[in-house]
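Student: Could you take me through one part of this structure slowly? I'd like to start with a single helix and then see what else there is.

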Amino acid sequence: MTAKEKETKRSKQQNVEISGSEAVIRSLIEEGTEIIFGYPGGQIMPVYDALYDYRNALRHILTRHEQGAVHAAQGYARATGKTGVCLVTSGPGATNLITGIADAMIDSTPLVCITGQVASPLLGSDAFQESDIVGISMPITKWNYQITSPDEIPSTIAKAFYIAATGRPGPVLIDITKNAQTGKFKYKYAKCHKIRSYIPEFPVNKEKLNQAADLINSAKKPYLIYGQGVHLSGAEKELKQFIEKTGIPAAGTLLGLSALKTNHPLNMGMLGMHGNYGPNIKTNECDVLIAVGMRFDDRVTGNLKTYAKQAKVIHIEIDPAEINKNVKSDIALLGDAKRILKLLHLLAEKKKHLSWVNEFKDAHEIEMKKVISSDLNPETLGIGMAEVVNKVSELTNSSAVIVSDVGQNQMAAARYSKFTTSRSHITSGGLGTMGFGLPAAMGAKLGIPDREVVLFVGDGGLQMTIQEFGTIAQEKVPVKIVVLNNRFLGMVRQWQELFFEKRYSFTEILSPDFVKVAAAYGIPGQLITKRKDLNKALQTMLESKGPYLIEVMVEKEDNIFPMIPAGASVSDILLCINDIKSSN
Amino acid sequence: MKQEYIISAYSENHIGLLNRITIVFTRRKVNIESITASESAIKGIFKLTIVVNDEKEKVVNITKQIEKQVDILKAFYYTNEEMIFQEIALYKVPTKALMETDQLEKMIRQHNARILEITPEYTVIEKTGHKNETQELFNGLTEYGVLQFIRSGRVAITRSPIEKLSEFLIQRDALLAKS
Ligand SMILES: Cc1ncc(C[n+]2csc(CCOP(=O)(O)OP(=O)(O)O)c2C)c(N)n1
């Protein structure tokens with residue numbers, strides 16, 4: 001026991017006063033925090049000083065930018081299901097978190113962000129590095145609070161963890177003034193289990209449950225679509241059992257992917273703008289649509305006026321504000337997906353919808369012919385993104401956690417990765433944040449060191465947070481980085497090609513030699529320009545013990561298909577470029 | 001169809017909450033016609049009364065978004081018919097006008113308004129009522145020169161005999177006790 005630890009023990013016993021800063025650290029430990037992602041500065045220094053004494057109990061990862069810290073915390077949270085924690089200073093440190101907080105809010109990721117603040121007598125005086133982070137972050141946090149006195153620290157942190165992780169999870173921000181960090185008080189910790197004005201989950205409505213079951217039992221063409229809510233409530237097993245009993249075909253949203261095995265016979269693929277053909281068109285043909293833990297994002301629904309109009313909609317959702325927000329439901333089942341699916345399972349009749357399921361398979365055949373087979377075996381000289389993703393999936397037996405950035409790389413990763421385990425697909429869905437991938441992959445790997453974590457990232461997105469190579473190298477985080485370099489901001493270029501007459505306005509991007517940049521940080525890697533070298537290089541990457549980077553020069557003007565043009569109906573999904581020309 | 005709705009929200013008393021609530025409206029480009037915050041009959045609980053003019057669907061969604069805020073206990077929306085509501089208006093007119101004619105005094109009486117203060121320079125008149133009523137008096141007074149005018153946000157109370165929040169709090173306490 002170190003002297004400090006002895007003293008802590010004594011202070012616990014004797015109820016001695018400790019500083020607010022120490023209280024922050026001890027509260028985090030009480031909440032089971034194992035790792036913090038952060039960056040120090042003037043107004044958070046007392047907390048960093050306290051952390052020094054607890055560095056054996058609480059691992060701190062010094063990122064190279066606060067945005068890196070928050071995305072890493074998101075990756076950690078998404079991979080582990082635990083709450084991610086960030087610690088940064090006031091002003092610019094705090095504002096650098098904003099993108100990640102907004103991202104976590106829209107993707108329902110539990111985060112506790114702690115920011116330092118100027119001393120309370122200086123609040124509102126435009127003091128050095130003062131920013132109104134509570135005001136700034138209000139629309140993008142589930143809850144936030146400014147602490148101005150040390151004795152508020154334990155109860156506020158307890159409340160923060162409770163709010164972040166329960167109900168529909170989300171980011172919470174706590175701003176702590178410097179005087180609250182340095183002041184002393186008698187520390188006592190109690191976890192938060194209830195808040196009068198906040199009920200994370202409502203009791204299940206039995207009557208509606210029966211109505212839903214009747215609807216499902218009498219359906220001819222029932223169809224289930226699942227979102228991240230399945231991961232968040234841990235309902236993977238219940239989902240599988242429910243569709244197996246009822247014979248209902250299912251498809252996932254981008255964030256729902258991996259909640260159900262890709263190869264499950266009833267898993268029909270991915271929904272959305274670049275999702276699979278069958279899952280999209282069948283939305284407008286089913287008679288009962290069961291939406292589980294998803295929020296009908298416009299990237300999934302396309303034009304709402306023509307979305308699933310023929311279907312009776314059952315919406316299983318924990319957040320009351322999501323009910324009827326975008327799509328009107330005939331029956332809304334408010335509550336935790338796991339509990340509701342369990343109950344529905346009991347009421348559902350055993351069925352097989354063979355001919356209906358076959359309709360999906362026919363659609364898949366069409367997509368196979370028109371898109372997938374040429375994506376996987378391109379006749380071009382240049383390498384395609386899809387074949388790289390597919391190869392990684394093969395070489396890892398589809399067991400890796402796939403992290404992606406945003407753009408074509410993201411869609412290729414989502415379309416061509418196969419998943420066998422839950423929580424294996426991490427990407428920025430709702431906000432679509434370029435630069436998310438690298439730090440998120442690092443955070444994920446730190447949270448689940450026993451699993452392989454592979455990142456797919458574009459040449460554009462990588463350069464938005466490329467400085468995190470430094471963190472990866474310093475902390476020796478063995479993430480595998482696959483840069484898909486098309487020398488373009490690919491996804492924007494695709495839109496320019498399809499909808500702006502190939503006017504490539506500022507999407508051609510010159511990049512550094514990524515292998516050399518990685519090498520400068522001490523991360524080994526290889527550049528691949530020929531198809532014949534790909535397999536071996538990926539094997540080398542996967543066999544290496546530490547972090548590793550592969551830069552693949554991919555086809556410059558490759559496109560991601562199918563595609564539902566923005567604002568079009570899900571039935572009007574296009575399978576190839578000629579479809580667009582003929583529809584114009 | 002757009003129509004006037006009264007949103008009534010009960011909250012814990014926290015700094016910044018009003019900001020959070022107004023963000024819900026600004027994000028959706030919904031104009032707040034008036035907003036009033038005050039203590040409720042229940043100790044420690046504040047009540048916000050917000051008037052908007054919009055489509056029902058939008059108002060329903062906004063009410064849910066308000067209720068979603070952690071420190072909000074409950075939010076309801078009502079049509080005007082479901083509530084008794086009043087606003088208060090204050091008018092300042094030159095006292096000279098009052099002295100020169102008895103028309104002004106008559107108008108004050110007709111509108112059930114009352115005089116709060118008279119000085120040699122100005123007279124302050126008070127009227128409570130619906131907006132159209134306070135507006136009508138304003139229109140009448142303009143002839144005599146209105147020096148200043150102010151109208152408050154709406155205060156409203158339901159016509160229903162039960163206080164929804166009390167019922168709600170009983171249920172909530174039961175729910176919390178169970179968990
Ligand atoms: C921070 C941010 N800025 C801009 C965009 C808009 N955007 C979406 S995809 C994309 C291109 C991404 O290019 P790259 O990273 O090279 O990936 P690719 O599409 O080529 O795989 C851009 C600019 C975004 N999503 N995020």
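Which strands does helix α17 (residues 385-395) of chain A lie across, and at about what angle does it run to β17(A)?

Tutor: Sure, with some ground rules to begin. This is a predicted model, where local features need pLDDT of at least 70 and side-chain atom pairs count only at pLDDT 80 or more, while totals for chains, interfaces and linings use all residues; side-chain values use heavy atoms, with hydrogens and water left out. Residues are numbered from 1 along each chain as its sequence is written, and chains are lettered from A and ligands numbered from 1 in the order in which they are written.

Now your helix. Helix α17 of chain A lies across β17 (453-458), β18 (480-485) and β20 (548-553) of chain A, and runs at about 175 degrees to β17(A). The helix and strand names come from DSSP runs, numbered from the N terminus (helices are H or I with at least four residues, strands are E with at least two). Angles run from 0 to 180 degrees between N-to-C directions, using lines fitted to C-alpha atoms, for helices over the stretch in contact. Contact here means heavy atoms within 4.5 Å.

Helix α19 (residues 437-447) of chain A also packs on the sheet, where it touches β15, β16, β17 and β18 of chain A, and its direction makes about 175 degrees with that of β17(A).

What about the sheet itself? It is an open one of six strands in chain A, with parallel pairing and the order β16-β15-β17-β18-β20-β19. At its edges you find β16 (425-426) and β19 (525-528) of chain A, each of which pairs on one side only. Two strands count as paired if DSSP finds at least two bridges between them. Strand β15 (residues 401-404) of chain A, for instance, is joined to β16(A) by two bridges, and these strands run parallel. One spot to click on is V403(A), whose bridge partner in β16(A) is I426(A).

Strands of a sheet pair through backbone hydrogen bonds, either parallel or antiparallel.

Chain A has another sheet to set beside that. This open sheet has six strands in the order β11-β10-β9-β12-β13-β14 (chain A), and the pairing is parallel. Strands β11 and β14 of chain A are at the edges with a single partner strand each, so one side of each has no neighbour in the sheet. From one strand to the next, the twist averages 20 degrees. Inside it, strand β9 (residues 222-226) and strand β12 (residues 288-292) of chain A pair in the parallel sense over five bridges. There, L224(A) has I290(A) in β12(A) as its bridge partner. A helix packs on this sheet too: α15 (residues 337-347) of chain A touches β12, β13 and β14 of chain A, and its direction makes about 130 degrees with that of β13(A).

For antiparallel pairing, look at chain B. Strand β5 (residues 83-94) of chain B runs antiparallel to strand β7 (residues 122-129) of chain B, joined by eight bridges. In that pairing P94(B) has Y122(B) of β7(B) as its bridge partner. Four bridges also join β5(B) to strand β9 (residues 155-158) of chain B, again antiparallel, with Q86(B) partnered by V155(B) in β9(B). Strand β8 (residues 148-151) of chain B pairs with β5(B) in the antiparallel sense over four bridges, and Y91(B) has F149(B) in β8(B) as its bridge partner.

Finally, how do the chains meet? In all, 25 residues of chain A are in contact with 23 residues of chain B. A salt bridge here is a side-chain nitrogen of Lys or Arg within 4 Å of a carboxyl oxygen of Asp or Glu, and two are found across this interface. The side chains of D319(A) and K68(B) form a salt bridge, at 2.6 Å from N to O. On the side of chain A that touches chain B, β6 (143-147) and α8 (153-165) of chain A are the elements that give two or more residues.
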